[in-house]
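Below are some notes on the model, set out as numbered points. Please read them with the structure open.

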Amino acid sequence: MNTYYEHIQDNKSGLQLSDHGNFVYPSHFHHKIELFILKSGEMTVSCNGSVYNLTGNSVAFFNSYDVHEYLSQSENLVGFCVIIPPAYAMRFAERNKNKKVKKPNVYKP
């Protein structure tokens with residue numbers, strides 16, 4: 001697996017929202033928290049080497065420095081990617097110190 005550090009994220013501030021529709025993205029990591037909200041369609045993602053299938057009304061959570069990628073998606077996908085700087089999530093980080101999310105698929109109907 002070829003993984004890279006996404007340096008471009010270091011220079012961006014504030015929340016970032018993407019809804020461009022094409023969410024196939026190679027294996028990468030960065031210091032920011034990433035949420036992928038899948039409203040409809042199907043998608044395959046990986047996080048730290050484990051592969052997950054998402055269906056409509058699912059949320060995938062990637063913590064700081066989790067190695068993640070968006071592998072494939074259905075044609076009718078409606079989704080949003082939110083990238084959150086750690087400074088915006090300080091209470092989350094303090095409360096969850098030394099804890100890891102077991103699976104990034106937070107909600108699946």
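1. Two strands are taken as paired if DSSP finds at least two bridges between them. The model is a predicted one. Strands β5 and β6 form a hairpin with two residues between them. In the turn, Asn 48 has a positive phi of about 50°.

2. The pairing within this hairpin is antiparallel: β5, residues 42–47, and β6 are joined over six bridges. Two facing positions can be checked by eye. Met 43 stands opposite Leu 54 in β6, and Ser 46 stands opposite Val 51 in β6.

3. The hairpin belongs to an open sheet of five strands, in the order β1-β3-β8-β5-β6. The pairing in this sheet is mixed. Its edge strands are β1 (4–5) and β6, each of which pairs on one side only.

4. Which residues other than Asn 48 deserve a look for their backbone? Most residues other than glycine have a negative phi. Asn 57, not a glycine, has a positive phi of about 65°. Asn 57 sits in the loop between β6 (50–55) and β7 (58–62). With a relative accessibility of 40%, Asn 57 counts as partly exposed.

5. Tyr 65 is also not a glycine, and its phi is positive at about 65°. The loop that holds Tyr 65 runs between β7 and β8 (68–73). Tyr 65 has a relative accessible area of 48%, so the residue is classed as partly exposed, the upper limit of that class being 50%.

6. The count of aromatic pairs comes to five. One of them joins Tyr 5 and Tyr 65: the ring centres are 6.4 Å apart and the planes lie at 20°, so the pair is stacked. The centre distance falls within the 6.5 Å cut-off, and planes under 30 degrees apart count as stacked. Tyr 5 lies in strand β1 and Tyr 65 in the loop between β7 and β8, so the pair ties together parts that are 60 residues apart in sequence.

7. A second aromatic pair, Phe 23 with Phe 36, is edge-to-face, at 4.9 Å centre to centre and 75° between the planes. Because Phe 23 lies in the loop between β2 (16–18) and β3 (25–29) and Phe 36 in strand β4 (residues 33–40), this pair ties together parts that are 13 residues apart in sequence. Both Phe 23 and Phe 36 are buried. Together with Phe 62 and Tyr 70, Phe 23 and Phe 36 form one aromatic cluster.

8. Is Phe 29 buried, partly exposed or exposed? Phe 29, in strand β3, has a relative accessibility of 23% and so counts as partly exposed; buried would require under 20%.

9. The contacts of Phe 29 are worth listing. Not counting residues up to four places away in sequence, Phe 29 touches Thr 3, Tyr 4, Tyr 5, Glu 6, Tyr 65, Asp 66, Val 67 and His 68. Both members of the stacked pair, Tyr 5 and Tyr 65, are among these contacts. The C-alpha atoms of Phe 29 and His 7 are 9.1 Å apart in space, with the two residues 22 apart in sequence.

Key: Residues are numbered from 1 along each chain as its sequence is written. This is a predicted model: local features need pLDDT of at least 70, side-chain atom pairs count only at pLDDT 80 or more; totals for chains, interfaces and linings use all residues. Side-chain values use heavy atoms; hydrogens and water are left out. Helices (H or I, at least four residues) and strands (E, at least two) are DSSP runs, numbered from the N terminus. Buried means under 20% relative accessible area, exposed over 50%, partly exposed in between (1.4 Å probe, protein chains only). Rings of Phe, Tyr and Trp (its six-membered ring) pair if their centres lie within 6.5 Å; planes under 30 degrees apart count as stacked, over 60 as edge-to-face and the rest as tilted. Contact means heavy atoms within 4.5 Å.
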